[in-house]
Amino acid sequence: YDPNEYPLLLGPIESKSADVVYGSRFRGRLERMSFVQRIGNRFLTLATNVLYGVVLTDMETCYKVVPTATIKSLDLRSRGFDFEPEITAKLLRRGCRIVEVPITYIARDSSEGKKIDWRHGIPALKTLIKYRFVD
């Protein structure tokens, strides 16, 4: 991730064209992401789009810009990788307008500290389904 892209992420909130901004790796420059990671991300993003009636390209992105008052009001419970789907589900349930902006991402592998793998997709999917139907 490139911190020089922060102003791009803040722009839609400052201009009031978005309630929340996600940095989309799939709309920007993406390097070295494994096939399995790419498919897993696409699957979870598709599940989000179907369950919540939105069109996102990168639900699992690290870059999520959410106003402080909004994030504090979400009652987040996740302690692991299911944080990404929980925050997205709760924002969408509230009717927040999520805008995506392209970002640069150069993926890491496990030797560089990458910790998430395909097994984390199962609780992520369960979280998306749970918060679609439960407050």
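A pocket is an open set of grid points, spaced on a 1 Å grid, with protein on both sides within 12 Å along at least five of seven lines. In this predicted model, the second largest pocket has a volume of about 160 Å³. Its lining is formed by L74, D75, R77, K90, R93, R94, Y131, V134 and D135. Six of these residues are charged, three are nonpolar and none is polar.

The pocket belongs to a chain of five helices and three strands. Read from the N terminus, the order of elements is α-β-α-β-α-α-β-α. The chain has 135 residues and a radius of gyration of 14 Å. This agrees with a compact globule, because a globule with that number of residues would have a radius near 14 Å. Along the principal axes, the C-alpha atoms fill a box of roughly 35 × 35 × 25 Å. Buried residues make up 40% of the 135. The exposed surface comes to about 7900 Å², and carbon and sulfur atoms supply 58% of that area. Contacts often span long stretches of sequence. Among those between residues at least 6 apart, 74% join residues at least 24 apart.

Helix α4 spans residues 83-93. It is mostly covered, with nine of its eleven residues buried. The buried residues are E84, P85, E86, I87, T88, A89, K90, L91 and L92. Their packing partners are β1, α2, β2, α3, β3 and α5. Of these partners, α2 covers residues 35-52, β2 covers 64-65 and β3 covers 98-106. One of the buried residues of α4, K90, also appears in the lining of the second largest pocket. Just after the helix, G95 takes a positive phi of about 85°.

Two further residues have positive phi without being glycine. D75, one of the pocket-lining residues, has a phi of about 55°. D75 sits in the loop between α3 (68-72) and α4. Its relative accessibility is 43%, so D75 counts as partly exposed. The other is K16, with phi near 65°. K16 belongs to the loop that links α1 (6-14) to β1. At 65% relative accessibility, K16 is exposed, the cut-off for that class being over 50%.

Strand β1 runs over residues 20-31 and contains S24. S24 is buried, as its relative accessible area is 0%. Beyond residues up to four places away in sequence, S24 touches T57, D58, E100, V101, P102 and I103. One of these partners, D58, lies in the loop between α2 and β2. D58 is buried too. Its relative accessible area is 0%, and buried means under 20%. Leaving aside neighbours within four places, the contacts of D58 include Y22, G23, S24, R25 and F26. N41, T45 and E100 are also in contact with D58. E100 thus appears among the contacts of S24 and among those of D58. Between D58 and Y22, 36 residues apart along the chain, the C-alpha separation is 7.8 Å.

The C-terminal end of the chain offers two exposed residues. F133 is part of helix α5, which covers residues 121-133. The relative accessible area of F133 is 61%, which places it in the exposed class. F133 still makes contacts distant in sequence. Not counting residues up to four places away, F133 touches L51 and R93. F133 and L51 are 82 residues apart in sequence, and their C-alpha atoms are 9.6 Å apart. R93, the other partner of F133, is a lining residue of the second largest pocket.

D135 follows in the segment after α5. With a relative accessibility of 79%, D135 is exposed. Its C-alpha atom is separated by 9.9 Å from that of A89, 46 residues away along the chain. A89 is one of the buried residues of α4. D135 itself takes part in the lining of the second largest pocket.

Key:
Residues numbered from 1 in each chain as written. Predicted model: local features only at pLDDT ≥ 70, side-chain atom pairs only at ≥ 80, totals over all residues. Heavy atoms only, no water. 1 Å grid on protein atoms, 1.4 Å probe; cavity = no way out; pocket = protein on both sides within 12 Å on 5 of 7 lines; lining within 4 Å. Points joined across faces, edges and corners; volume = space filled by probe spheres on them. Nonpolar A, V, L, I, M, F, W, Y, C, P; charged D, E, K, R; others polar. Helix = DSSP H or I, 4+ residues; strand = E, 2+ residues; numbered from the N terminus. Rg over C-alpha atoms; globule rule 2.2 N^0.38 Å. Buried < 20%, exposed > 50% of the residue type's maximum accessible area, 1.4 Å probe, protein only. Contact = heavy atoms within 4.5 Å. Areas by Shrake-Rupley, 256 points an atom, 1.4 Å probe, with all protein chains shown as cover.
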